[in-house]
Amino acid sequence: MNSKVDKLYLISALLGMLVILFIMYPITNSLFTTDGEILLETLKEQEVINAIWTSIFTATMTTLVAFVFGVPFAYFLARNDFKGKKLVESIIDIPIVIPHTVAGIILLTIFSSQCWIGRFLESIGLEVIGTRIGIVTAMLFVSMPLLINAAKDSFLSISPKLENVSRSLGATHWQTFMYITFSIGWRGILTGMILTWARSISEFGAVIILTYHPMIAPTLIFDRFNAFGLEYSKPVSTILILISLIIFVLLRIIARRGVAVDRST
Amino acid sequence: MIEVRNLSLTLPEFALDDVSLSIDTGEFFALLGPTGSGKTLLLEAIAGLKDIHRGKIIINGKDVTKLKPEQRNISIVYQDYALFPNMTVKDNINYGLRFKKNVRGAGSRFDLLVEMLGISRLLNRYPHNLSGGEQQRVALARALIVEPDILLLDEPFSALDANTKETVQKEIKKIHSALKTTTLMVTHNFSEVFSLAGKVAIIHRGIIQQVGSIEEVFKTPNSKFTARFVGMKNIFPLKQMNGKFNFKDLLEQNKHHHNGGSQYYVGLRAEDIVVGNERLETDYQLKGIITAVSNNGIYSEVKVHTDSADFTAYLTPNRYFELELAENKPVFLGFNKKDINLIRE
């Protein structure tokens, strides 16, 4: 072993250990201090099951909607220069800097009957406020920038020359996108989808203003904490942590496996 | 035959201005120009990958100007090869056949290309496991398997080391004589085209300066820029030289060039200048003093200061040692009438 220890690296590593501790201690503490029996009891409650299912369902829907709208747009941005492009890119990033309760308020304003959009949707029988659509809308607003930016970076890392060669070899623009651009860039897009999903499942501020019922898991936790206190809200938190971590790890494995398959020879 | 007629295009950082070229079927044509002269842009315009503002591109009598890249049957090989990283070598080569179903005898063409390029043992590998030369060969096979009407080569040798470059050059020559695919290559290196191209065009700042056979352009460059580009080391204003020498008969010969009042230059190749310790038997000669010498093993470069101008001459190393040349040594310097080029500004 190297006897000379680099002081800068040593300090950096020690600080890093504090960071890891700061993240991991509360999580593991929550997992280990929750009584197993209460946890099982909680898992059987219909209200809890419903809330967790609503969270997973709406976060997944949000990710799919973000994919359909965001990926083509990200491709457009990655391949075209136009006047005002910087402005458009800044607009995409706005939701990241808006406090989430504020996002909830401004969404509520346009989807309520005060605004023509709310009145229009009401007239065609589409209810946003107080529904799952409301939850997806709130989640989408705060998480979509993550997918667009990840997908854009992924497309930018693919040389347009690959597309040029593909087209000169007879592939249409659509075929080129499918066989070349998307085939190479899907991993970056998947990473963006994981981030979007994670951001959505953890969203609370914007959702609670647009839709309190049906409850998502964070709303249920908040509701129980307010009404009954810490002890009562903790088991639900622990369950949400476990589910989120499991899904997060699974998706990570899929994304990494993609790397392994591509690199194999 | 490929014709590019009056092609113009403007991008924020670059422009091509009124470019016209004509390339015979089966010909190997080289477009030469310094880095940043719009060569790659012109290739992309011909392939339909960049929109042009004005002009026409005609392939075998058919106007393809408005066709999409996938409808043109033009293959392009980029400087960095642009192999698809998500596919094996074999899939890379066969990629175009997915879309061009009417290529006859694709299977045997695949075998022929793989054999000629010596890439049969690479077929199941992925591009990131290949050397530069190997990637180049795969890119060539991929471009040629679809039987393109034109093959566009973008600086094909610039990323290769000297040895690989020579091998790939030979392979391209071999393949071109076997398949007779009309080829347009762009490069900034004049020496690269000597063994390959039949015809060359010189491009500078988006404008074609000169078109002709290699020999023509090399021997009689028509502008100061082209002269420099093809390695003419000694270029002096005619007025300056005419004061010293009597170039009357030279001017007489080129009378048709010599009106319009534009500035004329005298151009001399460094290898056409003779250096000696005694009087020389050349048409023109003058005395000078050596200001610098350098020797790279293949030839020696000698810079000589004279009253009229500073000359650069190339000598064989043998001659160089024979003459015992050194800095500050006075020498005679001469050249012949037949080696003088009259160049327009």
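How far apart should the ends of helix H11 of chain A be, at 1.5 Å a residue? Let's start there. One thing up front: what you see on the screen is a predicted model.

So, H11 covers residues 217–228 of chain A, and those 12 residues should span 16 Å. In the model, the C-alpha atoms at the two ends sit 16 Å apart, so the expected span and the model agree. Quite a few residues of this helix are buried: Ala217(A), Pro218(A), Thr219(A), Leu220(A), Ile221(A) and Arg224(A). Right after H11(A) comes Gly229(A), with a positive phi, near 100°.

Now step back along chain A, to the loop between helix H10 (205–210) and H11. Pro214(A) is in that loop, and the peptide bond leading into Pro214(A) from His213(A) is cis, with omega near -10°. Keep in mind that most peptide bonds are trans.

Okay, on to where the two chains meet. Chain A puts 22 residues into the contact, and chain B puts in 27. Together they bury about 2,100 Å², and 64% of that comes from carbon and sulfur atoms. On the chain A side, look for Lys161(A), Ser168(A) and Leu169(A): they supply 30% of the area that chain A buries against chain B, more than any other three residues.

What holds hands across the interface? The rule finds 2 salt bridges there, as well as 4 residue pairs in polar contact. If you want to know which parts of chain A are involved, helices H8 (160–168), H9 (173–201) and H12 (230–263) each give two or more residues to the side touching chain B. As for a salt bridge you can find yourselves, zoom in on Lys161(A) and Asp80(B), whose side chains meet at 3.6 Å, N to O.

Over to chain B, then. It splits into domain 1, residues 2–219, and domain 2, residues 233–344. Taken over C-alpha atoms, the centres of those two domains are 39 Å apart.

Last stop: two backbone oddities in chain B. Most residues other than glycine have a negative phi. Tyr81(B), though, has a positive one, near 70°. You'll find Tyr81(B) in the loop between strand E6 (74–77) and helix H2 (89–94), and with a relative accessible area of 5% it counts as buried.

Glu155(B) also has a positive phi, about 45°, and it isn't a glycine either. Glu155(B) belongs to the loop between strand E7 (150–154) and helix H5 (162–179). Is Glu155(B) buried or exposed? Buried, at a relative accessible area of 6%.

Definitions and conventions: Residues are numbered from 1 along each chain as its sequence is written. Chains are lettered from A and ligands numbered from 1 in the order in which they are written. This is a predicted model: local features need pLDDT of at least 70, side-chain atom pairs count only at pLDDT 80 or more; totals for chains, interfaces and linings use all residues. Side-chain values use heavy atoms; hydrogens and water are left out. Helices (H or I, at least four residues) and strands (E, at least two) are DSSP runs, numbered from the N terminus. The expected span of a helix is 1.5 Å times one less than its number of residues. Buried means under 20% relative accessible area, exposed over 50%, partly exposed in between (1.4 Å probe, protein chains only). Domain bounds come from an automatic or database domain assignment. Contact means heavy atoms within 4.5 Å. Buried area is the accessible area (1.4 Å probe) that two parts lose on being put together, summed over both. A salt bridge is a side-chain nitrogen of Lys or Arg within 4 Å of a carboxyl oxygen of Asp or Glu. A polar contact is a pair of N or O atoms within 3.5 Å; within protein, one must be able to donate a hydrogen and the other to accept it, and residues adjacent in sequence count only if both atoms are side-chain atoms.
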